[in-house]
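I opened the file to look up how protein and DNA meet, and then what the protein packs inside. My entries follow the order of the look-ups.

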There are 2 protein chains.
Amino acid sequence: METLPDTASPLYEKVKDYVLGNIGSGRWPRNQKLPSENELVSALGVSRMTVHRALRELTSQGHLLRVQGVGTFVAPPKPQSTLIEVNNIANEIRARGNSHRAKVLVLETFAPEPQLVAAFEFPAAQPVFHSLLVHFENEVPVQLEERFVNPGLVPGYLDQNFEATTTYDYLQQSTPMTEVEHIISAIHADEETARHLAIETGEACLLLHRRTWSGAKVATVNRIIYVGSRYSLGSRYTPNAAGTHP
Amino acid sequence: METLPDTASPLYEKVKDYVLGNIGSGRWPRNQKLPSENELVSALGVSRMTVHRALRELTSQGHLLRVQGVGTFVAPPKPQSTLIEVNNIANEIRARGNSHRAKVLVLETFAPEPQLVAAFEFPAAQPVFHSLLVHFENEVPVQLEERFVNPGLVPGYLDQNFEATTTYDYLQQSTPMTEVEHIISAIHADEETARHLAIETGEACLLLHRRTWSGAKVATVNRIIYVGSRYSLGSRYTPNAAGTHP
DNA sequence: TAGTGGTCTAGACCACTAG
DNA sequence: TAGTGGTCTAGACCACTAT
């Protein structure tokens, strides 16, 4: 009969701590088979529902693997990765207490070049919607946002006033995304970019390439350029225990 | 008496679908108070434990807010954010089928300047461990990795061979992090950086500033520089339903 | 067939909040 | 005090796996 710590936490939390303790101490190494639920019931003196809840939560957090009819096992450590958050720029600027303004440079229908057709995974070339905006923080340009939008998924895109509503907010509510792809790289600003952002040609910028999916279809293809010297992407993040990804 | 869908899924899943359906359809708008658990028990004809499990899981997924003694409410939509994954570079290179090599340039005890003391949140200046490595992909330098390490938390840091084991792997297993802060920006390579990475001075690079915590203490402070033209941070990510973060 | 985990119930007691 | 959610139990039935 094992004993559980005498703290104020609920029983299922104590059971979780008991299991995590055995994993952390090495007593139950990776892939080790755990005692069955019924064995834990006897060993710990709690009901099976309580044991089950503890093991279920640890499983969903990536600590355990369970196979019906077989047993419960210590999960192998996941390939480690950490995450960086990318927020809506308007919210981020306002959260800092600064003023945000967006200026629409382009809002049109656009005949995409082959590379863009491929990014949309279209079988053949077809027109897409195209917008180009500059975002200002306290009237200083900080971001150039270029979006290409699938007209089949977002038919009303061209009718919006994106100086009032963020493209981001509009897309979020009109076409919820189910998947996002991000690629960040560092580039030198070309002449046009530099002009829009009021920087020198060649200045270092962050380029965030983003594609979003709605179901199986690509909804948007985006190029977002941040002025390197005026903006950075930041986040503070608490990994959950097993390094699980969402 | 409401009816639940006649599918093969467990009852608590049907209850979750029922609740999500009411939220999605607008019948239960944001901040709407849900029926109490006991009311749902009567309305749906299932036990309270089943209702409770459904509501608990929806709460942990960010769809609901629950306050003991008060009730259950439809959660307001979270401030949208998406996430970018940052992987261990050695794993990433090997996952692409390329060869990875690390070269240790510096591994020493170091007297930190005031800015670094502040980053560690030390009350007074004290020595830290310092390492500087270059990572090669197919013998081309792609990353310059500079780490400052809290000796109190990682006493054995200087004794490791980081050309065999990654600093990342060693730190992960010796001092599991509980929190991570990331800041990404774009910079121009200075002379020393350019020399180590075999690029031109002034070339655009990604600078990833990372601090990790172990409990309440800062464990490491890192500057990781990627060559802009040779490397980018990428990820593909499926947001979970409510835009919850992990 | 025996053992595993997955679900579900009815009932109980508790802590918390509001009136 | 009445109503809420939070926890816990004992017992049941089920689907799945190995032997």
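**Contacts with the DNA**

I first looked up B:R48: an N or O atom of its side chain is 3.2 Å from a base nitrogen of DNA strand C. I count a polar contact as a pair of N or O atoms within 3.5 Å.

The model is predicted, so I noted the limits: local features need pLDDT of at least 70, side-chain atom pairs count only at pLDDT 80 or more, and totals for chains, interfaces and linings use all residues. Residues are numbered from 1 along each chain as written, chains are lettered from A and ligands numbered from 1 in written order, and side-chain values use heavy atoms, without hydrogens and water.

Two phosphate contacts came next. A polar side-chain atom of B:T50 lies 2.5 Å from a phosphate oxygen of DNA strand C. For the side chain of A:T72, an N or O atom is 3.0 Å from a phosphate oxygen of that strand.

I then listed the surroundings, taking a residue as near if one of its heavy atoms lies within 4 Å. There are 24 residues around DNA strand C, and A:R48, A:M49, B:L11, B:S47 and B:T50 come nearest. Sugar and phosphate make up 65% of the strand's atoms that come within 4 Å of the protein. The largest share of this surface, four residues, is from α3(B).

**Core**

I looked up the largest nonpolar core (buried Ala, Val, Leu, Ile, Met, Phe, Trp, Tyr and Cys residues joined through side-chain atoms within 4.5 Å; buried means under 20% relative accessible area, 1.4 Å probe, protein chains only). This core has 18 residues, and A:I184, A:L206, A:Y226, B:I184 and B:L206 have the most contacts inside it.

Terms used. A polar contact is a pair of N or O atoms within 3.5 Å; within protein, one must be able to donate a hydrogen and the other to accept it, and residues adjacent in sequence count only if both atoms are side-chain atoms. Helices (H or I, at least four residues) and strands (E, at least two) are DSSP runs, numbered from the N terminus. Buried means under 20% relative accessible area, exposed over 50%, partly exposed in between (1.4 Å probe, protein chains only).
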